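I opened my notebook to record what I looked up in this structure, one entry at a time. I began with a single pair of residues and worked outwards from there.

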Amino acid sequence: MEVIGKSVIRKDALEKVTGRAKYTNDYYTNPMLSGKMVISPYGHAKIVNINTIEASQVPGVRAILAGQHFPLTGEAIRDRPPIAVDKVRYHGEPVALVVADTPAQAKKAADLIKVQYELLPVVNSPTHAFKEGAPLVHEGLGNYDKDEDSHPVPGTNIATLIKIRKGNIEAGWAASEIVVQESFSFAPSDHAAMETRCATAEIKPDGTIMIMTSSQAPFMVKQLIANYFKEDIGKIVVHTPLVGGAYGGKAAVQLEVLAYLASKAVGGKPVKILNDREQDIITSPCHIGLDATIKLGADRKGKITAAEIQYLWDGGAYSDKAIDVTRSGAADCTGPYNIENVWCNSYCMYTNHPYASPFRGFSHSELSFCIERTMDILAQRLNMDPYDLRYINAIMPGHTTPTRVKLNKSNVGNLQKCIQKARELIKWDEGAIKEIDERFVRVKGVSCSWKTTTIDPNAPSGAIITFNRDGSLNLMSGVIEIGTGTKTILAQILAERLKMDIDKIHVRMEVDTQTTPEHWKTVASRGTYMGGRAVLNAAEDVINQLKEVASCVLRAPKEDIEVANSRVFLRDDPTIGLDFKDVGYGYQYPNGNAIGGQIIGRGKFILRHLTHLDPETGEGKPGPEWTVAAYGVEIELDKRDYTYRLLKACTVVDLGRVMNEKAALGQVMGAMSMGLAFAGRETFYFDELGRVLNPQLRTYRPLRYGEHPEYLVGFVETPQLDGPYGARGVGEHGLLGMPGALGNALSLAAGVSLRNLPLLPELIWRAKEASHHAPL
């Protein structure tokens, strides 16, 4: 390999480090109107009256959208009005939208809109939502349009139920000699991307709808706006430049719909809606919360014989992407362990919280916290080393997933090898506990994870390669550059296949749905796998076209011709050949005759053999592969006040093949920092009215500079045979095991079982106090 595996500098690096990179809010047309939302101050309330008279008199106001019945939106279930009518269902829900000449005028008018509310009972957790007699978030649940694989239960707060039934659960319990059952809970939180959400819309005189958005899914924006509003999909053009972080939060479609409605209300003029940080935190789709109960049974040797699991996902006020997250959590409900007898109910619950979207890992960091904490408790009951328990139960080739997919070396990798390597990196065998003095103790915690991508079975990806006259190439893919460096990886794949200098490959960063081939969505660590396969197919098309032209010029059969080093030449005599610059635009003979023309390579890829899950048993194939990883975290706990320092964090992931070493390291370390922040700091605090009490970055606290541990990263390479050069995605996997490993370390250090996130000193103190007063 000449390019694959090398630490190639990212194609977007220079633009970003010099500040020249342009994001959605950096684009401006003249004129450009501004939209400003008025949002609900309550979690659940009737809208009694909206008074817009004073607001409409503010100079520069062009339109106010309020109290109008627009088509319902939502991906799995059409349950969400773009602007609330009749009642609000979460703190932050849009109740009006002002369109004005300037942002200041729009804000001034929005502040003058008077909304009268009548408070309703608040559903403040998925457990509360699940109780019989709980207030209904959606009284008309049975009347909504929905997708076939969504299963709402009218008359309840259940947006969907996904069942997993594998083996014989009664036989599993009969074989169990040790049984542990634990419950876990944590609230929704934010994605905290550096760039807040932004969208613009303009409707041209000919009906063309131009949208620019900081989205992970521009092709989904195009599709949904066409579906919601019965627009001609061919006249919807969505443009996405660079995106300043997303982590799943920009996979949902929200501001794009509001921008479209705002433009329509002012005769098609361009309108921009830009969230400030506080609005971005509370009005946008959030990181999902979860209440879970895990019951595991095992024999005396530690072999797990049964798992009974209930997940109550906090889908928030509207189902949208939360149904997909619920399904994904069900598909991999057990974590990366071979368990023959599994019973799981995964519920998507309506609550009066901000509605949920994916978060880096798509349900897997959340379920892994619950599973991995339970695994440590089981290890304590068995008096076993936590790594040993995980090692003997590790999912391996020949085993089956909870949805009954039989695994092989290609599609699951080697978890036991990851465990062995993580054990070495974290120096586990030196001991899990080290007493520093009477006050401080250093403790290590471990965990494991796996993940498949529960996505549309027909999800496509495409790539186009064109030649320039100097022999360089242009590469176009629908993958969004959201900070992962995936488009650089695609260039590496192309350079490797064509055996050429990667500096002669120009990558188009922006995506335009009218001219860029479609990539389903830039989510779920699918960019390298799907986009890479499409690029390889496009490269084969290019090679074939190059050989066709060269075979005429060189008077040799195609099979005798090779492509490398930006040349097409005879395999047995490389001195006889043509440079790309002489053949990429066709070839011209000395007498002026020409053949060929510009070479344009096309490649496409679509997932194969994926199926929907059986609604009664959960049987089916939700994704192409399961990526496995092992983790460790070392902390130092102050036993006096329960504050702690993060010392080391370790991840070993089987990523198939390292495509770009520094990029892979950066992705894994960045994900680890997010996992530690989610586990130890980040959460929404709700009051009795369902209001988010910490919607600013001074009160909502990701990890700050100086608070990070030393990051230790290792890779195992078990090639995925259908992946580009054997690669699996790796963007999410550093995060998945961090909450479980941190929870296990702190539980061991404090001598008390911690079942809630975030793992704040106050939480540890409360758990210690509760344990002191618990009855014997």
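Entry one. I am working with a predicted model, and I started at Ala630, whose bridge partner in β31 I found to be Val652. Turning to the strands themselves, I noted that β30 (residues 627–638) and β31 (residues 644–654) run antiparallel to each other and are paired over nine bridges.

Entry two. I then looked up the sheet, which is open and has five strands in the order β18-β19-β30-β31-β32, with mixed pairing. At its edges I found β18 (433–435) and β32 (710–716), each of which pairs on one side only, and I wrote down an average twist of 15° from one strand to the next.

Entry three. I asked which helices pack on this sheet. Helix α17 (residues 661–680) touches β30, β31 and β32, and its direction makes about 125° with that of β32. Helix α19 (residues 738–750) touches β18, β19 (440–451), β30 and β31, and here I noted an angle of about 35° between its direction and that of β30.

Entry four. I looked up Ile635 and, leaving aside its neighbours within four places in sequence, I found contacts that include Val441, Val443, Tyr644, Leu646, Leu742, Ala745 and Ala749. Ile635 is also, with Tyr311 and Leu742, among the residues with the most contacts inside the largest nonpolar core, which has 116 residues. Helix α10 (residues 364–382) gives this core its largest share, nine residues. Apart from this core I found another, of 93 residues, which includes Leu33, Ala259, Val479 and Ala491.

Definitions and conventions
Residues are numbered from 1 along each chain as its sequence is written. This is a predicted model: local features need pLDDT of at least 70, side-chain atom pairs count only at pLDDT 80 or more; totals for chains, interfaces and linings use all residues. Side-chain values use heavy atoms; hydrogens and water are left out. A nonpolar core is a set of buried Ala, Val, Leu, Ile, Met, Phe, Trp, Tyr and Cys residues joined through side-chain atoms within 4.5 Å. Buried means under 20% relative accessible area, exposed over 50%, partly exposed in between (1.4 Å probe, protein chains only). Helices (H or I, at least four residues) and strands (E, at least two) are DSSP runs, numbered from the N terminus. Contact means heavy atoms within 4.5 Å. Two strands pair if DSSP finds at least two bridges between them. Axes are lines fitted to C-alpha atoms, for helices over the stretch in contact, and angles run from 0 to 180 degrees between N-to-C directions.
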